[in-house]
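Here are some notes for a colleague opening this entry for the first time. Please have the structure at hand while reading them.

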Amino acid sequence: MDEFWVFGYGSLMWRPGFDFIDASHARLFGYHRALCVKSHVHRGTPERPGLVLGLDRGGSCRGIAFSVAGEKADQVLDYLRSRELVTHVYKERRVPIALRSGRRVHAVAYVVDRAHVQYAGDLSSGEAASIVRGAVGQSGPNEDYVINTVNHLRQMQISDHWLEQVARQVAGPDGGTGGSDDGARAPDVSSR
């Protein structure tokens, strides 16, 4: 395999966890970023689930595409599978994406399995915010997850109006928790 691409739409964008040759803004058509996965461990509990991101069908999603050296493809796939397929709420897919340059490539992406028990369904921003508000898991408050995600997206100059709306509702009139900075830095994609 000469060329291997990975599409990131959430924390993979600023914390990929694998070596890559290049990174570029990219768009995936046919799926959108949504808080559609019930979190029973990291951002909630089985009794009080939170929500985390998934790629759900319909629309489009701006994210980051990572080019990986062909000889590292198997190693990166092993890493991604151990990170993304823990509860099998995501399905690994090779999807066509458009890079910022206009070039089209196929990339590995993880889309939500709508038949999985952790699939939360198509939620309004208000419904998502009410689930997020007050949920806490091993990785901390669900509010921090949402607010930090929106902050990272803004730093990368990626707009997600629905998620921004959820973050505003979660933050409330006083601006919310402010989120904690996880220290992760986004890859430099400004010139690509």
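The points below take up the pockets, one strand pair and the nonpolar core of what is a predicted model.

1. The largest pocket. The space in this pocket comes to about 880 Å³. Its lining consists of 34 residues. If you want to find the pocket by eye, start from Ser11, His42, Val52, Tyr90 and Tyr145, the lining residues that lie nearest its centre.

2. Where that lining comes from. Helices and strands both take part: β1 (3-8), α1 (11-14), β2 (22-39), β3 (50-69), α2 (73-84), β5 (104-112) and α4 (142-155) each supply at least two residues. The most comes from α4, which gives five residues to the lining of the largest pocket.

3. Chemical make-up of the largest pocket. Sorted by class, its lining holds 14 nonpolar residues, 13 polar ones and seven charged ones.

4. The second largest pocket. About 160 Å³ of space lies here. The lining is made up of Arg27, His32, Arg33, Ser60, Cys61, Arg62, Ser159, Asp160, His161 and Trp162. Two or more of the lining residues come from each of β2, β3 and α5 (161-171). By class, the lining of the second largest pocket has four charged, four polar and two nonpolar residues.

5. The pair β4 and β5. Strand β4 (residues 90-99) runs antiparallel to β5, and nine bridges join the two. One place to check the register is Arg94, whose bridge partner in β5 is Val108. The strands form a hairpin with four residues between them, and Gly102 there has a positive phi near 100°.

6. Burial of β5. Is this strand mostly covered or mostly open? It is mostly covered, with seven of its nine residues buried. As noted under point 2, β5 also supplies at least two residues to the lining of the largest pocket.

7. The nonpolar core. The largest such core contains 59 residues, and Val6, Phe7, Leu35 and Ile97 have the most contacts inside it. Strand β3 contributes the largest share of this core, nine residues.

8. Leu35 in detail. Which residues does Leu35 touch, apart from its neighbours within four places in sequence? It is in contact with Leu51, Val52, Leu53, Leu123, Val132, Tyr145, Val146, Trp162, Leu163 and Val166. Some of these partners have appeared above: Val52 and Tyr145 are among the residues nearest the centre of the largest pocket, while Trp162 helps to line the second largest pocket.

How values were computed:
Residues are numbered from 1 along each chain as its sequence is written. This is a predicted model: local features need pLDDT of at least 70, side-chain atom pairs count only at pLDDT 80 or more; totals for chains, interfaces and linings use all residues. Side-chain values use heavy atoms; hydrogens and water are left out. On a 1 Å grid over the protein atoms alone, a cavity is a set of points where a 1.4 Å probe fits but cannot get out, and a pocket is an open set with protein on both sides within 12 Å along at least five of seven lines; lining residues have an atom within 4 Å of a point. Grid points are joined across faces, edges and corners, and a volume is the space filled by probe spheres set on the points. Ala, Val, Leu, Ile, Met, Phe, Trp, Tyr, Cys and Pro count as nonpolar, Asp, Glu, Lys and Arg as charged, and the others, Gly among them, as polar. Buried means under 20% relative accessible area, exposed over 50%, partly exposed in between (1.4 Å probe, protein chains only). Two strands pair if DSSP finds at least two bridges between them. A nonpolar core is a set of buried Ala, Val, Leu, Ile, Met, Phe, Trp, Tyr and Cys residues joined through side-chain atoms within 4.5 Å. Contact means heavy atoms within 4.5 Å.
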